[in-house]
Amino acid sequence: MQAQPTASHFINGEYVEDTAGDVIECIYPATGEVIAKLHSATPAIINAALDAAKAAQVGWAKLSGTQRGRVLRRAADIMRDRNRELSVLETLDTGKPMQETLYVDATSAADALEYFGGLAGSITGEHIPLGEDWVYTKRIPLGVCVGIGAWNYPTQISCWKGAPAMACGNSMVFKPSEMTPLCALKVAEIMIEAGAPAGLFNVIQGYGDVGAALSTDPRVDKVSLTGSAATGKKVYAAAAAGMKHVTMELGGKSPLIIFDDADIENAIGGAMLGNFYSTGQVCSNGTRVFVQEGIKDAFIKRLAERTAAIKLGDPMDEETQMGPMVSARQREIVMGFVGKGVTEGATLVTGGKVIDRDGFYIEPTIFADVTDDMTIAREEIFGPIMSILTFTDEDEVIARANDTDLGLAGGVFTRDIQRAHRVIDRMDAGTCYINTYNDAPVEAPFGGVKGSGVGRENSKAAIEHYSQLKTVYVKMGDVDAPY
Ligand code: NAD
């Protein structure tokens with residue numbers, strides 16, 4: 001299998017190579033094969049990308065919002081037309097099954113381009129009357145935005161950042177994760193095909209050092225990272241030194257609370273989606289599943305049955321429901337957590353083993369009798385490992401759910417609507433769910449509180465994070481100076 005792109009980087013409307021950069025091997029997680037070799041950006045490549053973005057931004061910001069939006073909406077149509085080809089590439093990049101990538105990757109990226117393309121013409125300031133005088137505000141672009149991606153949703157992340165940035169009149173240099181370098185290059189190609197000016201959306205490859213160089217460069221006005229909380233702290237600090245704007249979409253250890261009056265099949269479905277989708281490699285996953293004591297046994301019995309029926313295998317087979325982990329290293333990290341779960345006394349209900357086949361497969365795993373202090377209940381695992389904890393009453397479970405430094409997401413399953421809203425109200429999380437889990441439509445703000453980050457992606461809220469206000473005071477009479 002080969003997926004070698006024309007070159008490693010896409011700058012100023014064309015593919016560019018610089019073989020002096022460190023080699024990045026792109027490995028297909030389902031087989032372990034090297035499917036492409038790319039090069040990390042050298043200082044010359046970083047310079048070229050930032051210069052191109054800086055130059056392109058000036059003309060782009062002068063277009064009307066409707067003109068900018070038209071380009072974004074055209075790009076959305078092209079992505080939808082090419083959904084299958086882009087989904088295959090997403091599967092090669094990440095190992096996620098086609099059953100997922102055909103429905104949630106290029107399609108959600110296209111949703112972002114379409115949504116922000118539609119919004120671009122409505123990005124306005126306001127008029128503030130002051131008697132005869134008045135103030136008007138303009139919502140202006142930030143300038144050059146840098147996007148730095150994680151490896152779990154490479155197409156989606158590039159557009160969740162790129163679409164609002166471009167709608168507001170900014171340009172972008174996007175650095176994908178070194179583990180999934182392929183998909184964003186296609187987005188850059190498509191933007192050109194849709195009529196974007198050369199240099200508006202550039203993609204350069206690289207490890208953390210390239211991300212760090214971008215985060216400190218004086219040409220950069222904003223850094224938007226999707227990554228771990230540890231990386232977030234570094235990037236936030238680096239950006240702060242240059243007084244740059246930031247969006248930080250970081251990790252989570254989110255609670256999913258299931259009361260004994262919940263529809264149990266729906267609750268189990270939510271818990272499985274919130275732990276096993278994308279082989280558990282989703283930031284907002286509800287990895288601490290708090291089940292009310294009375295339904296614990298029934299919940300676990302049925303959950304184990306449904307988990308045993310998950311079809312795991314070749315991600316290119318559209319019947320496959322679960323693929324491999326993204327890399328051998330990530331699998332090793334996850335297996336380390338499984339080991340800790342066992343030694344710290346959790347009950348292994350099912351799974352817990354590496355699967356004996358090519359690629360980085362691991363069994364969907366459920367631990368019961370997990371307690372709040374166990375490592376698997378405290379640290380983000382980022383793999384298909386569900387931890388079940390039990391609780392007796394509402395106050396107790398909310399206190400325990402909130403006892404974490406992170407706060408990306410959280411959910412509740414109950415048929416009692418007052419309880420549902422009461423619990424969500426008290427939950428320290430930025431993105432919450434009632435009787436569902438992990439939906440992320442572009443119309444809704446997405447992001448975390450506490451250590452899970454700052455800023456919001458998607459929705460009208462994202463516009464505020466990719467633009468700034470200019471306030472203009474207009475005087476109609478004489479200036480009343482005491483001098
Ligand atoms: P990571 O933090 O290791 O890497 C993220 C990106 O940051 C990569 O592109 C990496 O090259 C870059 N990077 C690393 N060090 C850097 C530095 N010092 N300066 C600038 N850039 C640097 O994360 P990952 O392992 O790729 O992704 C998994 C993590 O991402 C998980 O914690 C997950 O929860 C989180 N995530 C969050 C969201 C969200 O929207 N909140 C979505 C997906 C993933």
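These legends describe close-up views of a ligand and two pockets in a predicted model. Local features need pLDDT of at least 70, side-chain atom pairs count only at pLDDT 80 or more, and totals for chains, interfaces and linings use all residues. Residues are numbered from 1 along each chain as its sequence is written, and side-chain values use heavy atoms, with hydrogens and water left out.

**View 1. The shell around the ligand.**
The ligand has 28 residues around it. Each has a heavy atom within 4 Å of the ligand. G149, E178, S228, T231 and E380 come nearest. By class, the shell holds 13 nonpolar, ten polar and five charged residues. Here Asp, Glu, Lys and Arg count as charged, and Gly is among the polar residues. Helix 8 (208-216), strand 10 (222-226) and helix 9 (229-241) each give the shell at least two residues. Helices (H or I, at least four residues) and strands (E, at least two) are DSSP runs, numbered from the N terminus.

**View 2. Side chains that meet the ligand.**
A ligand oxygen is 2.5 Å from an N or O atom in the side chain of E380. Another view of the contacts takes in W151, where the distance from a ligand oxygen to a side-chain N or O atom is 2.9 Å. At E249, a ligand nitrogen is 3.5 Å from a side-chain N or O atom. The protein covers 87% of the 850 Å² of accessible area that the ligand has on its own (Shrake-Rupley method, 1.4 Å probe).

**View 3. The largest pocket.**
The ligand takes up the space of this pocket. A pocket is an open set of points on a 1 Å grid over the protein atoms alone, where a 1.4 Å probe fits, with protein on both sides within 12 Å along at least five of seven lines; lining residues have an atom within 4 Å of a point. Its space is about 900 Å³. Of its 34 lining residues, A150, W151, G227, S228 and T231 are closest to the centre. Helix 12 (328-343) is one of the elements that supply at least two lining residues.

**View 4. The second largest pocket.**
This pocket holds about 560 Å³ of space. Among its 27 lining residues, Y153, Q156, N438, D439 and A440 lie nearest the centre. Helix 4 (98-104), helix 5 (106-119) and helix 6 (154-167) each supply at least two.

Notes:
A polar contact is a pair of N or O atoms within 3.5 Å; within protein, one must be able to donate a hydrogen and the other to accept it, and residues adjacent in sequence count only if both atoms are side-chain atoms. A molecule sits in a cavity or pocket if more than half of its atoms lie within 2 Å of its grid points. Grid points are joined across faces, edges and corners, and a volume is the space filled by probe spheres set on the points.
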